[in-house]
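User: Got a minute to go through this model with me? I want the ring contacts and the odd backbone spots.

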Amino acid sequence: MLYSIYRKSEKLILVKMRWYTFLLISILTTRSISAEIYPKFPKDFIFGVSTSAYQIEGAWNVSGKSENIWDHVTHNYPSVIEDRSNADVACDAYHNIDNDVRLIRELGVDSYRFSISWSRILPDGFSNNLNPDGVRYYNELIDKLLANNIQPFITLFHGDLPNCLQLLGGFTNIKVADYFVSYARLMFDTFGDRVKYWTTFNEPKNFCARAVWGNSEQLTVAENISPYLCVYTVLIAHAKAYEVYKNEFAHQNGKLGIVLDLLWAEPKTNSTKDIEAANRIIEFEFGIYANPIFSKEGDFPTIVKDRVANMSKAQGFEESRLPALTKDEINLIRSSADFLAINHYSTRLISDDSDNINISISSQANDVAVISSVDPSWPTSEMEWLFYVPWGFHKNLMYIKNKYDNPSVYITENGFCEKASNDQGRIKYLQGYLQVLSDAISEGCNILGYFQWSLMDNFEWFAGYTKKFGLYEVNFTDPKRPRKPRASVKWYKDFLLNAKSNV
Ligand code: NOJ
């Protein structure tokens, strides 16, 4: 379901450069470390590494933690995960605070982005039952980070909804917005004396695509509508949490934002139809969240509202499948963030598919009506959707600057997928993407920080442990889950030593 928009594209990728070809080219073209010229960054720029609770913590049922939706799915439907694995133990980060904080400190980063597990903190989902061990665990992590001069950068929700709330409809139920706000308030109250960077949601586009977990190939109408209900709940929940933070916790002097992902969408040709199609997918996947929060006028993008309304009408619905925001809601959501956090990994080519709309399907993919593909010359990674296209990142950053009046931006995720320990592909990727990031800052983009994904290999959702995003390699067959540095650890360290001194 998550990939329905891209499904068509997979058939179009006829020729892909093999990852080892890319590796060879990378080795041949990588400048030697000693000769490396590092891009420049402002002195107060924040560099970090990123992880998320479900992907690394393990301890899935330890000391009062309840089941979240990923525990539930991996335990009950293991076949949906590529290697039939789960994150019951994952990297066992729950039992490795000291070691992991040491690794983070040795990298020389300023900040560590991690998420809080809602079901560890509030096993019932609601704020009436605060789990003391959850509080103890995150207090310990936060305190050890600060003792090592590393700023915690916290995401409140990174995909792992308490399963008991999923039973109430998850994010299709607008009441879940209130439950989220109670959870957020408790977190500000408990950790906010020390935590100055908060984000509410990570990549709502992705978890909203699975707002309900359908198991049929042909989704029901209700399943197809669920992503739009989820968008609505997420926006209200985010805005209300921001309001709570500003009204009740302003004295903590922190900042709060939301994490949106954007694969850059480049028109496949310069035909008007393809240019419109590329703009359309950006508005449906990114603008649907960014416009209500970061634009001057607020509300969903006009193209999204009009298109879903027209399609809904033609399909016989009484009202648009996309909930309409009231004036009060538009005002509540508009400007409800101190910064925009972006996860960016790659780029795709977009062409128009409006001529093939199947009016009987009420899905978002059908509303968008584009075909997504890639250029066969783009170097691949070991992840089927991740191609090395640094210029797409640059376009992405300039788009945000121009479209939303140059907001404060943190890049909360960017990284590469590669198994080998001498990961030259990852190094090449970081060189390319950090260079265009520095260029975008020189060109006036208000970007304040960058977090590499990820500190260590972890549970990569549907791909299980088959895909490796870590600077550190983790041995998942050893009960101790030892971490071993890949070559990119040294590269990132050297880069960090040089990047800010280059100003
Ligand atoms: C973005 C997600 O936030 C993260 O959970 C995931 O592991 C990375 N992308 C890589 O796919």
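Analyst: Ring pairs come up ahead, then backbone geometry.
This is a predicted model, where local features need pLDDT of at least 70, side-chain atom pairs count only at pLDDT 80 or more, and totals for chains, interfaces and linings use all residues. Numbering runs from 1 along each chain as its sequence is written, and side-chain values use heavy atoms, with hydrogens and water left out.

User: How many aromatic pairs are there?
Analyst: The whole structure has 55. One of them joins F41 and F47, edge-to-face, at 5.0 Å centre to centre and 80° between the planes. Rings of Phe, Tyr and Trp (its six-membered ring) pair if their centres lie within 6.5 Å; planes under 30 degrees apart are stacked, over 60 edge-to-face, the rest tilted.

User: Are F41 and F47 buried or exposed?
Analyst: Both are buried. Buried is under 20% relative accessible area, exposed over 50%, partly exposed in between (1.4 Å probe, protein chains only).

User: Which cluster do ring pairs link?
Analyst: Y38, F41, F45, F47, Y450, W491, Y492 and F495.

User: Now backbone. Which peptide bond is cis?
Analyst: W453 to S454, with omega near 15°. S454 sits in the loop between strand 11 (447–453) and strand 12 (472–474). Strands (E, at least two residues) and helices (H or I, at least four) are DSSP runs, numbered from the N terminus.

User: And phi at R84?
Analyst: Positive, near 55°, in a non-glycine residue. Most residues other than glycine have a negative phi. R84 is in the loop between helix 4 (69–76) and helix 5 (97–107). R84 is exposed, at 53% relative accessible area.

User: What about D92?
Analyst: D92 also has a positive phi, about 55°. D92 lies in the loop between helix 4 and helix 5. D92 counts as buried, at 14% relative accessibility.
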